[in-house]
Each structure stands twice: as structure tokens, then as C-alpha cells.
Amino acid sequence: MTLLTGVGPRPVDAKGGGAERRDRRRALPYLLLLPGAAWLFLFFVVPTIQLGATSLYDPSGSVTAGYAMTWEFSNYPDAIEYAWPQIVRSFGYAAIATVIGIVIGYPLAYAIAQKAGRWKNVLLVCVVAPMFTSFLVRTLAWKTILSDNGWLVGFLRDIGLLGDDGRLLATPAAVILGLTYNFLPFLVLPLYASLERLDYRLLEAAGDLYASPTRTFVKVTLPLSMPGLVAGTLLFFIPAVGDYINAALLGNTNTNMVGNVVNSAFLSRQEPPQGAALSFLLMAIILVIVFTYVRRSGTDEVV
């Protein structure tokens with residue numbers, strides 16, 4: 001039969017070599033993931049575990065004498081009782097800044113994606129360029145702009161929007177403005193990515209079917225750009241909640257956010273268990289909000 005067909009049995013070693021090559025190909029993706037997985041484990045998982053352990057230390061300890069692991073779950077309700085105004089304020093400021101960011105960022109992203117033409121790359125550079133400067137330097141620049149002797153306050157006083165003793169610095173408005181400015185690029189870029197892929201012929205088809213511009217936006221543009229909007233609002237909202245630089249430089253003691261309390265607990269008041277408990281609480285609340293928001297937004301695709 002072998003002589004008639006001209007096909008002999010496959011060599012055993014060749015078959016084994018093919019299986020070995022297939023196994024190597026299957027293992028290659030996992031090997032490529034190892035450096036990233038090791039990085040995440042060392043610099044994310046391990047610190048998170050350590051932070052969780054710190055949140056359960058005996059709060060009566062000290063940095064010099066050390067802390068005992070007593071599984072003090074009471075640190076969590078104690079932390080909420082101590083910092084609940086700052087927690088509420090943080091989410092309130094971040095939510096307001098996110099809404100303002102959407103109002104500013106959506107038209108900007110749409111204009112760059114659909115109307116900018118040859119100026120598209122220039123406008124994108126203008127959006128990203130402030131991020132080339134230190135976050136701290138940008139916030140200090142806003143402190144100068146909003147100062148009582150600055151040109152902006154002087155102009156608002158001249159046109160009557162601020163009284164003679166009115167001010168912008170050290171107010172909630174200044175903190176929200178700083179959050180909006182510093183995190184706006186994180187919202188614009190995902191929105192641009194979604195809107196840039198939008199097929200303009202769909203908008204023309206909606207117009208041919210006598211849809212008004214408003215109805216076209218609600219029924220066509222907004223649903224198709226929803227993945228970018230979801231991603232952008234999350235990238236804006238999450239760091240804004242945990243921020244403390246804007247509240248420290250542009251606000252006052254009455255505008256402190258939860259990040260300021262955490263920073264103070266670790267560095268000033270020397271109370272690591274409280275700071276760790278607040279950090280874990282903040283993470284838990286943000287995770288609940290993120291999962292709820294993504295599910296309610298009606299999209300599983302996040303750019």
C-alpha cells in the first residue's frame with residue numbers, strides 16, 4: 001500500500017518536533033506577558049496587600065515603636081467618621097469638574113475629529129502640550145492667575161462679576177477649575193479617538209431622512225461615541241477624586257479633599273492605619289461607581 005500510494009508513515013521524530021514547535025508557539029504569548037505581570041505584581045499587588053495590612057494595624061501604635069497587627073476592622077468606620085466631609089466633598093468636586101469637562105471637551109473633541117481638517121494634528125498637540133509640564137507647575141500657574149492681584153480677578157471686578165473684596169483663590173470654584181484644567185486632556189483624547197472613527201456618511205444619511213441636527217446628535221453621534229465618553233469620564237473622574245494638589249494650592253482648609261486627609265495621615269499626623277483605611281475605602285467606592293457606570297452606560301467597549 002505504501003508503494004502504491006507513494007505515501008509512507010511520518011517519522012516519529014518529525015511528528016514529535018512539530019508538537020514541540022506548537023507547544024512553544026502556545027507558550028510564547030504567556031512568556032511575553034511575564035515582564036508586565038511581574039511589574040504589576042511587584043508594584044501594584046504587593047503594595048496593595050501591604051496597604052490592606054496597614055489598615056488593620058492597632059491605631060494606638062506609633063511610627064517609632066511600631067504597629068501590631070490586631071485586625072482592627074474598626075479603623076474603617078473610625079476613618080469614615082473622621083473624614084466623611086472630605087469624602088463627600090471629593091466626589092462632589094470631581095463630579096462637578098467632570099460635567100464641566102464634558103461640556104468643554106466634547107465639542108472640542110468633535111471639532112478636532114470632524115472639522116479640523118489639516119489642522120487636526122496641531123490642535124491635538126495643543127491639547128496634549130500642557131501635559132509636558134509638571135502637574136505641580138501647572139497648578140502653581142493657576143494659583144498666580146487666580147490670585148487676588150491677578151489680571152483675571154481685576155477684570156471680573158471691573159465688569160461687576162466680583163465685588164471689590166471678591167476673590168477666586170482659596171474657594172471651591174478655584175479647586176474645581178484646577179481639576180477641570182489638569183484632567184481635561186484625559187477626557188478629550190478618548191473622545192477624539194471615538195469621534196475620529198465616526199463615519200460622517202451616517203450623519204448625512206440622518207439628515208437625508210429629515211432628522212434635525214439635535215436628533216442626529218442624540219440618535220447617531222452620541223451612541224457611537226459612547227465608548228470614548230465612558231473611557232474619558234472615567235479617566236477624568238478617578239484621578240480627580242483622589243487629587244490633593246489642587247485643593248492644597250488653590251483651596252483652603254474648608255476645601256480639603258480626601259487625598260489631603262490621606263496625605264496628612266501618613267506624613268503629618270503619623271497615623272498610617274487611618275490613612276490606609278481611607279485609601280482602601282476610596283478604592284472600594286470608586287470601583288463600585290466604575291462598575292455601575294459602565295453597566296448603566298450600555299457599552300462594554302471602552303476605548
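1. Let's start with residues 87-295. In this predicted model, the C-alpha atoms at the two ends of that span lie 24 Å apart. The span is 77% helix and 0% strand. The boundaries come from UniProt, where an unreviewed entry lists residues 87-295 as "domain: ABC transmembrane type-1".

2. On to charge pairs. How many salt bridges does a search of the whole structure find? The count is four, and three of interest here are Glu196 with Lys120, Arg167 with Asp148, and Asp199 with Arg201. As background, side chains of opposite charge can pair when their charged atoms come close.

3. Take Glu196 and Lys120, whose side chains meet in a salt bridge at 4.0 Å, N to O. Glu196 belongs to helix H7 (residues 172-196) and Lys120 to helix H4 (residues 120-128), so this pair ties together parts of the chain that are 76 residues apart in sequence. If you work with this contact, keep in mind that the cut-off for a salt bridge is within 4 Å. Buried or exposed, where does Lys120 fall? Lys120 is buried, with a relative accessible area of 18%; the cut-off for buried is under 20%. Glu196, for its part, counts as partly exposed at 38% relative accessibility.

4. Next, Arg167 and Asp148: the closest N and O atoms of this salt bridge are 3.1 Å apart. Both partners sit in loops, Arg167 in the one between helix H6 (151-158) and H7, and Asp148 in the one between helix H5 (135-145) and H6. The two residues are 19 apart along the chain, and the pair links distant parts of it. Arg167 counts as partly exposed at 40% relative accessibility, and Asp148 is also partly exposed, at 28%.

5. Then there is Asp199 with Arg201, where the closest N and O atoms come to 2.9 Å. Asp199 is partly exposed, with a relative accessible area of 29%. Arg201 counts as exposed at 59% relative accessibility.

6. Helix H6 deserves a look of its own. Leu152, Val153 and Leu156 are buried in H6. Why can these buried residues be said to line one face of the helix? Looking down the axis of H6, you find them within an arc of 95 degrees, so they line one face. Trp151 and Asp158 are exposed on the other side of H6.

7. Now the largest pocket, which holds about 200 Å³ of space. It is lined by 14 residues, and the closest to its centre are Thr180, Tyr181, Asn182, Leu184 and Pro185. Which elements give two or more residues to the lining? They are helix H3 (75-115), H4 and H7. H7 gives the most, with seven residues. By class, the lining has eleven nonpolar, two polar and one charged residues, which is worth having in mind if you look at this pocket.

8. Two backbone angles to check by eye. Tyr210 has a phi near 65 degrees, a positive value in a residue other than glycine. Tyr210 is found in the loop between helix H8 (200-208) and helix H9 (213-224), and counts as exposed at 78% relative accessibility. Gln270 is not a glycine either, yet its phi is positive at about 55 degrees. Gln270 is placed in the loop between helix H12 (258-267) and helix H13 (272-296), and counts as partly exposed at 36% relative accessibility.

9. Finally, a couple of distances involving helix H2 (residues 12-54), where Val45 is found. The C-alpha atoms of Val45 and Val175 are separated by 32 Å, with their positions 130 residues apart along the chain. Val45 counts as partly exposed at 31% relative accessibility. Glu20 also has its place in helix H2. How far apart in space are Glu20 and Asn75, C-alpha to C-alpha? The separation is 54 Å, and the two residues are 55 apart in sequence. Glu20 is partly exposed, with a relative accessible area of 46%.

Notes:
Residues numbered from 1 in each chain as written. Predicted model: local features only at pLDDT ≥ 70, side-chain atom pairs only at ≥ 80, totals over all residues. Heavy atoms only, no water. Helix = DSSP H or I, 4+ residues; strand = E, 2+ residues; numbered from the N terminus. Buried < 20%, exposed > 50% of the residue type's maximum accessible area, 1.4 Å probe, protein only. 1 Å grid on protein atoms, 1.4 Å probe; cavity = no way out; pocket = protein on both sides within 12 Å on 5 of 7 lines; lining within 4 Å. Points joined across faces, edges and corners; volume = space filled by probe spheres on them. Nonpolar A, V, L, I, M, F, W, Y, C, P; charged D, E, K, R; others polar. UniProt positions renumbered as here; feature names shortened; annotations may be inferred. Arc of directions from axis to C-beta.
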